[in-house]
Amino acid sequence: MGMSALAGSSRVGEALAWETSIVRDPEMARSGRCACGGVRFTTSLPLRPVVNCHCDRCRRITGHFMAATGCDPTGLYLDADRTLRWYEADPGVWYGFCGDCGSTLFWRADGVPDWISIAAGTLDPPTGLVTDSAWWTTTASDYHRLDPSLENYDREPGSSAER
Ligand SMILES: [Zn+2]
Ligand SMILES: [Zn+2]
């Protein structure tokens with residue numbers, strides 16, 4: 001299903017070696033986990049500001065909206081992935097979640113191999129991140145009040161196709 005690189009156990013050793021070297025650079029390194037701890041991860045690359053994705057898929061899967069940061073997947077290390085499951089919401093579009101506790105964790109698309117979204121709420125605070133925009137605002141549910149202080153887009157910026 002195209003996720004073998006992320007789930008590979010070789011990353012664990014790499015992550016441990018890396019962890020010892022990045023503790024001195026807390027701006028770059030962040031850790032996170034699902035609610036039960038079956039999935040634990042660390043990141044080694046700068047993370048994008050948080051985007052609230054209100055697309056229909058994200059709304060249903062998260063139960064509200066996907067508040068997502070992310071990076072190139074080479075910067076994501078899975079320190080534990082025992083309970084990590086991937087749901088193919090549309091062909092080639094994957095949501096990573098914990099099969100035990102149900103936490104939403106990741107988003108990936110086969111067509112965007114250099115990107116993985118990370119559900120911002122799974123990061124251990126303080127994240128040092130800010131929310132800067134909202135996407136697919138027209139499919140936010142009617143109960144939701146959009147934040148006028150964000151950059152609000154009715155679709156994904158730079159994308160004409162729904163995906
Ligand atoms: Zn869990
Ligand atoms: Zn979405």
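**Strand pairing and nonpolar core of the predicted model**

Ala29 lies in the loop that connects helix 2 (10-22) to strand 1. In this predicted model, the residue counts as partly exposed because 18 C-beta neighbours are found inside 10 Å, whereas a buried residue requires 20 or more. The C-alpha atom of Ala29 is separated by 5.5 Å from that of Thr43, although the two residues are 14 residues apart along the chain.

Strand 1 (residues 30-33) pairs with strand 2 (residues 39-43) in the antiparallel sense, over four bridges. Within this pairing, Gly32 has Phe41 of strand 2 as its bridge partner. The two strands form a hairpin with five residues between them, and Gly37 in the turn adopts a positive phi of about 85°.

The protein chain as a whole contains three helices and 11 strands. Their succession from the N terminus is α-α-β-β-β-α-β-β-β-β-β-β-β-β. Of the 163 residues in the protein chain, 33% are buried. Among contacts with a separation of 6 or more, 57% are accounted for by residues 24 or more positions apart.

Eight of the strands are arranged in an open sheet with mixed pairing, in the order 6-7-8-9-4-3-10-11. The edges are occupied by strand 6 (84-90) and strand 11 (151-152); each has a single partner strand, so one side of each is left without a neighbour in the sheet.

At one of these edges, strand 6 pairs with strand 7 in the antiparallel sense over six bridges. Glu88 stands opposite Trp94 of strand 7. Two residues separate the strands in the hairpin that they form, and Gly92 in its turn has a positive phi of about 80°.

Strand 7 (residues 93-98) is also paired with strand 8 (residues 104-109), again in the antiparallel sense, here over five bridges. Val93 has Ala109 of strand 8 as its bridge partner, while Gly96 is placed opposite Phe106 in that strand. Strand 7 and strand 8 likewise form a hairpin, with five residues between the strands, in which Gly102 takes a positive phi near 85°. Strand 7 is mostly covered, with five of its six residues buried.

The largest nonpolar core comprises 32 residues, of which Cys53, Met66, Ala68 and Ala119 touch the most other members. At least two residues of this core are supplied by each of strand 2, strand 3 (50-53), strand 4 (66-71), strand 5 (76-81), strand 7, strand 8, strand 9 (116-119) and strand 10 (131-135). The largest share, four residues, comes from strand 7. In soluble globular proteins, nonpolar side chains tend to be buried together.

The surroundings of Ala68 illustrate the contacts made by a member of this core. When residues up to four places away in sequence are not counted, Ala68 touches Val50, Val51 and Cys53, together with Trp107, Ser117, Ile118, Ala119 and Ala120. Two of these partners, Cys53 and Ala119, are named with Ala68 among the core residues that touch the most other members.

Methods. Residues are numbered from 1 along each chain as its sequence is written. Chains are lettered from A and ligands numbered from 1 in the order in which they are written. This is a predicted model: local features need pLDDT of at least 70, side-chain atom pairs count only at pLDDT 80 or more; totals for chains, interfaces and linings use all residues. Two strands pair if DSSP finds at least two bridges between them. A residue is buried if 20 or more other C-beta atoms lie within 10 Å of its own, exposed if 12 or fewer, and partly exposed in between; C-beta atoms are placed from the backbone. Two residues are in contact if their C-beta atoms, placed from the backbone, lie within 7 Å. A nonpolar core is a set of buried Ala, Val, Leu, Ile, Met, Phe, Trp, Tyr and Cys residues joined through C-beta atoms within 7 Å.
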